Amino acid sequence: MLTTGPRGTKDILPDTIGQWLYVEKTVRDICELYGYKEIRTPIFEHTELFLRGIGETTDVVEKEMYTFIDRGKRSLTLRPENTAATVRAYLEHKLYADIAVNKLFYIGSMFRYDRPQAGRYREFHQFGVEALGTLNPAIDAEIIMLAVQFLKTLGLNDLKLALNSVGCPNCRPVYRERLQEFFRDKLEVLCSDCQSRYDRNPMRILDCKNEHCKELSMGAPNITDCLCDECTDHFEQVKSLLTEAGIEFELDPRLVRGLDYYTKTAFEIQYAPLGAQSAVAGGGRYDGLIEECGGSPTPAIGFAVGLERVLLALEKQALLPGVSQATDVFVVALGVTAQKPAFKLLCDLRAKSIKASMDFAGRSLKAQMKQANKAMARYVVMLGENEVNDSCVILKDMITSDQEKIAIQEIVNKLYAEVKD
Ligand code: HAM
């Protein structure tokens, strides 16, 4: 137990961190391009925020939250997602006071107690984007384009963008009734989860993974046939803006997102080769959430991408770049007398911003050279007792294997000229 991490968590080790940094850099570049600013919120929040924000009848709230009582007897929850927390921060810091439309993004860990499998973890990372303050369909199109462009920039093709409108509090009750009517005579044969969804949130029946429930829901009415005029008009505009921007999408009237706050536009981006966990991104409008959290009515929209799934997809398509973490210089010190001058040289090199390392385990020349190779050092500087006595070092070019003797006071400038100029 002491040497095994908790189930559903993963360590990101030095040999893969480069892949994460690469994806995160792509996130930052694209958010800068689209004018989204980074926000960092705490990893835990008051439990109440998620109960109210995400919805008490959702799987996330009912089954998946990591909730604990702290020493001050407060109920806190590790964030299962970051939209509610972003809204909380938006309200707490009155971000609406200066800017009409706040365009924010985040990268960070989320926590859900779910059954771990490939692409599904208990601690996972999301890149998310939230635009708060406008109902303009152009922001829906912008958000969706950002998500698509992010994935395409990484080289992912064969993506499927599924699009729907899930209506608003005006039209949803009509749809709810029609769904209940449709499922009324099937209620007894639905799974127990769906039986409880029937009264509490019948739309969630459409999202049930149980094969029998899936069959029973064939032929269920579509939300898009029940939308009010405002939702219909909004949806038409979003579709037309996306078409104009050349973004391909598939209408999926059965797309129901797993969180309760969605209104109007809802979308998911799937990458089929990932199998069961093919959703790489999901999002939509949440025009009622800010009011639900205590703010004045403010429309908003966003999405989140699962970064582990993106990395899995990149791996499948052999799109992960070999990220080099090479050092410029490796200092090889042999014998006790060489240790101090070698350490001083290491400091002098770094003072000139030359990437430098050395061995601290007092190993043999062969072992140190092996370490220099592993560190992908461009140059090796060697010094032993003779070199210290002669105030010189041996410089080895690791590409040509040429070696030369250089005065110790000249080596930093020489390497600076080689590496930096
Ligand atoms: P979500 O659909 O629950 O939405 O999650 C977004 C993405 O996070 C999923 O498409 C998936 O790629 C990834 N994800 C979810 N759960 C896991 C897991 N257990 N392991 C690995 N990856 C996972 C949200 O979280 C909303 N907050 C998105 C949003 C932002 N809506 C509006 N603004």
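A strand here is a run of at least two residues that DSSP labels E, and strands are numbered from the N terminus. With that in hand, let us walk through this predicted model, beginning with a single residue.

**One alanine and its surroundings**

Ala333 lies in strand β12, which covers residues 329-333. Is Ala333 buried or exposed? Its relative accessibility is 5%, and a residue is called buried when that value is under 20%, so Ala333 counts as buried. Setting aside neighbours within four places in sequence, Ala333 is in contact with Ala338, Gln339, Ala342, Met358, Gln368 and Leu383. Now compare its position with that of Ala131: the two residues are 202 residues apart along the chain, and 56 Å separates their C-alpha atoms.

**The eight-stranded sheet**

Next, look for the open sheet of eight strands. Walking across this sheet, you meet the strands in the order β1-β5-β6-β11-β10-β9-β7-β8, and the pairing is mixed. Strands β1 (37-38) and β8 (250-251) stand at the edges; each has a single partner strand, so one side of each is left without a neighbour in the sheet.

As a reminder, strands of a sheet pair through backbone hydrogen bonds, either parallel or antiparallel. Which sense joins β7 and β9? Strand β7 (residues 160-165) and strand β9 (residues 263-270) pair in the antiparallel sense, over six bridges. You can find one bridge for yourself: Ser165 has Thr265 in β9 as its bridge partner.

**Around the ligand**

Now turn to the ligand. How many residues surround the ligand? There are 26, and the closest are Glu81, Glu130, Arg257, Tyr262 and Ala279. By class, this shell has 12 nonpolar, eight polar and six charged residues.

Here are some polar contacts to look for on screen.

| Residue | Protein atom | Ligand atom | Distance |
|---|---|---|---|
| Glu81 | polar side-chain atom | nitrogen | 2.6 Å |
| Glu130 | N or O atom in the side chain | nitrogen | 2.8 Å |
| Val280 | backbone N or O atom | oxygen | 3.2 Å |

On its own, the ligand has 660 Å² of accessible area, and the protein covers 95% of that area. Which elements give two or more residues to the shell around the ligand? They are β6 (123-132), β10 (279-285) and β11 (300-306). The largest share, six residues, comes from β10. If you look back at the strand order of the sheet, you will find β6, β11 and β10 listed one after another there.

Conventions. Residues numbered from 1 in each chain as written. Predicted model: local features only at pLDDT ≥ 70, side-chain atom pairs only at ≥ 80, totals over all residues. Heavy atoms only, no water. Near = heavy atom within 4 Å. Polar contact = N/O pair within 3.5 Å; in protein donor to acceptor, adjacent residues only side chain to side chain. Areas by Shrake-Rupley, 256 points an atom, 1.4 Å probe, with all protein chains shown as cover. Helix = DSSP H or I, 4+ residues; strand = E, 2+ residues; numbered from the N terminus. Nonpolar A, V, L, I, M, F, W, Y, C, P; charged D, E, K, R; others polar. Buried < 20%, exposed > 50% of the residue type's maximum accessible area, 1.4 Å probe, protein only. Contact = heavy atoms within 4.5 Å. Pairing = 2+ DSSP bridges.
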